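Q: I am new to this structure and would like to learn how to read its features one at a time. Could we begin with the sequence and the model?

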Amino acid sequence: MTDPIADYLTRLRNAIKAGHRVVEIPASNVKKEITKILFDKGYILNFKFVDDGPQGSIKIALKYDLVNKVNAIKKLERVSKPGLRKYTGYKEMPRVLNGLGIAVVSTSKGVMTDKEARDLKIGGEVLCYVY
């Protein structure tokens with residue numbers, strides 16, 4: 001697999017389109033941090049790290065509006081790809097939907113949202129947009 005983060009986002013996207021409640025994804029440290037950010041910002045209902053085998057997995061409970069059956073995540077978009085990395089400074093940090101969405105950024109201080117990176121005045125690689 002050449003791009004595990006794109007695989008993570010695609011598995012989430014496919015589970016949302018299929019209407020699944022839970023999706024299981026192979027774990028890595030970056031995927032765990034992205035999952036924690038999605039949980040903290042209210043895009044997913046819950047998550048659990050399962051240590052089975054050498055790699056382990058992440059079980060993610062997706063969040064739906066029960067009345068309209070609409071998922072909390074409207075769009076997951078991969079920004080920085082293995083063939084074309086996207087780096088940005090804190091002054092040029094992208095704002096997703098004028099601040100309604102989040103950009104997940106990998107910085108020297110760890111994986112965080114665009115707002116946290118702007119507040120800490122550090123730039124990094126823009127991994128994905130979520131809204």
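Q: What span should the 15 residues of helix H1 have, and how far apart are its end C-alpha atoms?
A: This is a predicted model, in which local features need pLDDT of at least 70 and side-chain atom pairs count only at pLDDT 80 or more, while totals for chains, interfaces and linings use all residues. Residues are numbered from 1 along each chain as its sequence is written, and side-chain values use heavy atoms, with hydrogens and water left out. Helices (H or I, at least four residues) and strands (E, at least two) are DSSP runs, numbered from the N terminus. The expected span of a helix is 1.5 Å times one less than its number of residues, so H1 (residues 4-18) should span 21 Å, and its end C-alpha atoms are indeed 21 Å apart.

Q: Which residues of H1 are buried?
A: With buried meaning under 20% relative accessible area (1.4 Å probe, protein chains only), they are Ile5, Asp7, Tyr8, Leu9, Leu12, Ala15 and Ile16.

Q: In what order do the three strands form the sheet?
A: Strands of a sheet pair through backbone hydrogen bonds, either parallel or antiparallel. Here the open sheet has the order S1-S3-S2, with antiparallel pairing; two strands pair if DSSP finds at least two bridges between them. Strands S1 (22-26) and S2 (44-50) stand at the edges with a single partner strand each, so one side of each lacks a neighbour in the sheet.

Q: Over how many bridges do S2 and S3 pair?
A: S2 and S3 (residues 57-62) pair over six bridges, and Phe49 stands opposite Ile58 in S3.

Key
Buried < 20%, exposed > 50% of the residue type's maximum accessible area, 1.4 Å probe, protein only.
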